[in-house]
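Colleague: I should like to learn how to read the features of a structural model, one at a time. May we go through them together?

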Amino acid sequence: MIIEYTRFARQHFPELCQPRPLDSHKGTFGTLGILAGGKNMVGAALLAARAALKQGTGRVHVGFTQDSQPLEVDTVQPELMLNTAGKLLGKEDIGAWVAGCGMGLTPLAQNCLATLFNRYPHAAIVLDADALTLLSEHAFALSHEKGSLVLTPHPSEAARLLGCTTADIQKDRNQAARQISGKYTAWTVLKGYQTVICSPKSEITVNHTGNPGLSTAGTGDVLAGMIGACLAQGITPEQAIAGAVWLHGAAADYLVSQGIGPVGMTAGEVLEAARQVRNLIAVQA
C-alpha cells in the first residue's frame, strides 16, 4: 500500500512530498491561526490544531470563541499556543486560518468570522462546520481581495449554502460543488464517499482514498486542520487542498491495513497516521 501511495503522491502532489531543508526553522513552515472551540466544543479546536501541528506547521495558534480562555495549555500538545479568539485576531503574523470547528453560532462567533474576513484579506482561510452555517445565514464581505478561500461542507452544510435539500446535493455532487465554488468564489471540498474538490474555476477532482472508519466525530476537524497546515506551509492551493484530502483518506486506509478500524477508528488516530504517511511518502533529501 505505501509503495502504491508513494508513487501516486509523488506524481500528483510533489509539493506534499518535499524533504525539509537542513537550514529550516519554525518560521520556514508558516503560522496557522484556528478560530474554533466554543462552549462545550473545545475538543474540536484541539483536534484541528493537533492535526495542523503534526502536519509540520511551524506555529499553531488556537483562539477559542469564548469570552474567556477555557484552557491555559493543551496537556497533550503543549506546543499549541492558546488564547481567546478576540486576542488572536489581533496578531499580524498569521498567514493562514481555519475557522469553524465547534465554533458555535453565537453573536461572538459571527463577529469573529466577520473580523477575520476584514482584517486578513490576503490570508488563506479554511471554513468548516459552524463557520459554514454562519456563512449561509449572514452577509459577510467576501468580495474584497483575498487569499484562497476553502469551504469544507458535508452534504447537509452544502445544502444550507445553496438553499436546497441534502438529497439535491447528493443527486449530483460534482454540480453541487461547482455551484458552491461559483457562489462564493472559493475552493469547495464536498465531503463524503469520494470527496469532491472543486476549484474557483470549476475544475473538479474526485478523491478515492478513505473508508467508513472516517464516519466518526472529529475527522472533519482533523481534515480542516490538515488543509490549513498545508496552506500555511506555502504549498499551492491546487496541491494543498486535494493533497490534504488525499492524505486524510490515505491515513484512514493505512490504519485499516494495520488492523485499526474501520470500526472504532478515532479522529485522534487519523491525525497520527497522517503524519506517519506523509513522512513515508516524503522524498529523501
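Colleague: Are W97 and Y120 buried or exposed?

Modeller: The model is a predicted one. In it, W97 is buried, and Y120 is buried too. The word applies when the relative accessible area is under 20%.

Colleague: How should a pair of aromatic rings be read?

Modeller: Two values describe such a pair, namely the distance of the centres and the angle of the planes. Throughout the whole structure, a search finds six aromatic pairs. One of them joins W97 and Y120, with 4.8 Å centre to centre and 55 degrees between the planes, and this pair is tilted. Edge-to-face would require an angle over 60 degrees.

Colleague: Which parts of the chain does the pair of W97 and Y120 link?

Modeller: W97 belongs to strand β4, while Y120 lies in the loop between α4 and β5; the two are 23 residues apart, and the pair thus links distant parts of the chain.

Colleague: What is the geometry of the pair that F117 forms with F140?

Modeller: The rings of F117 and F140 are edge-to-face, at 5.6 Å centre to centre and with 65 degrees between the planes. Because F117 is in helix α4 and F140 in the loop between α5 and β6, the pair ties together parts that are 23 residues apart in sequence. F117 and F140 are both buried.

Colleague: Which residues form an aromatic cluster?

Modeller: Y5, F8, F13 and W246 form one. A ring may also be met by a charge: the charged end of R20 sits over the ring of F29, 3.4 Å from the centre of that ring.

Colleague: How do strands β4 and β5 pair?

Modeller: Strand β4, residues 96-99, pairs with β5 in the parallel sense, over four bridges. Within this pairing, A99 stands opposite L127. Helix α4, residues 107-119, completes a right-handed β-α-β unit with β4 and β5.

Colleague: Which strand other than β4 pairs with β5, and over how many bridges?

Modeller: That is β6, residues 149-151, which pairs with β5 in the parallel sense over three bridges. L127 stands opposite L151 in β6.

Colleague: Which way do the residues of β5 point?

Modeller: A124 and V126 point one way and I125 and L127 the other, and all are buried.

Colleague: How does one find a pocket?

Modeller: Rolling a probe the size of a water molecule over the atoms shows where empty space is left. In this model the largest pocket holds about 660 Å³ of space. Its lining consists of 31 residues, and K191, G192, L214, T219 and H248 are those nearest the centre.

Colleague: Which helices supply the lining of the largest pocket?

Modeller: Helices α6, α9 and α10 each supply at least two residues. The largest share, four residues, comes from α9.

Colleague: What should I note about the backbone at G261 and P262?

Modeller: The peptide bond that joins G261 and P262 is cis, with omega at about 10 degrees. P262 is in the loop between α10 and α11.

Colleague: Where does Q194, with its positive phi, lie?

Modeller: Q194 is not a glycine, yet its phi is near 55 degrees. The residue lies in the loop between β7 and β8, and Q194 is partly exposed at a relative accessible area of 32%. S202, also not a glycine, has a positive phi of about 70 degrees. S202 lies in the loop between β8 and β9 and is partly exposed, with a relative accessible area of 31%.

Notes:
Residues numbered from 1 in each chain as written. Predicted model: local features only at pLDDT ≥ 70, side-chain atom pairs only at ≥ 80, totals over all residues. Heavy atoms only, no water. Buried < 20%, exposed > 50% of the residue type's maximum accessible area, 1.4 Å probe, protein only. Pairing = 2+ DSSP bridges. Right-handed = clockwise from strand over helix to strand, strands pointing away. Phe/Tyr/Trp six-rings, centres within 6.5 Å; stacked < 30°, edge-to-face > 60°. Lys NZ or Arg CZ within 6 Å of the ring centre and 35° of its normal. 1 Å grid on protein atoms, 1.4 Å probe; cavity = no way out; pocket = protein on both sides within 12 Å on 5 of 7 lines; lining within 4 Å. Points joined across faces, edges and corners; volume = space filled by probe spheres on them.
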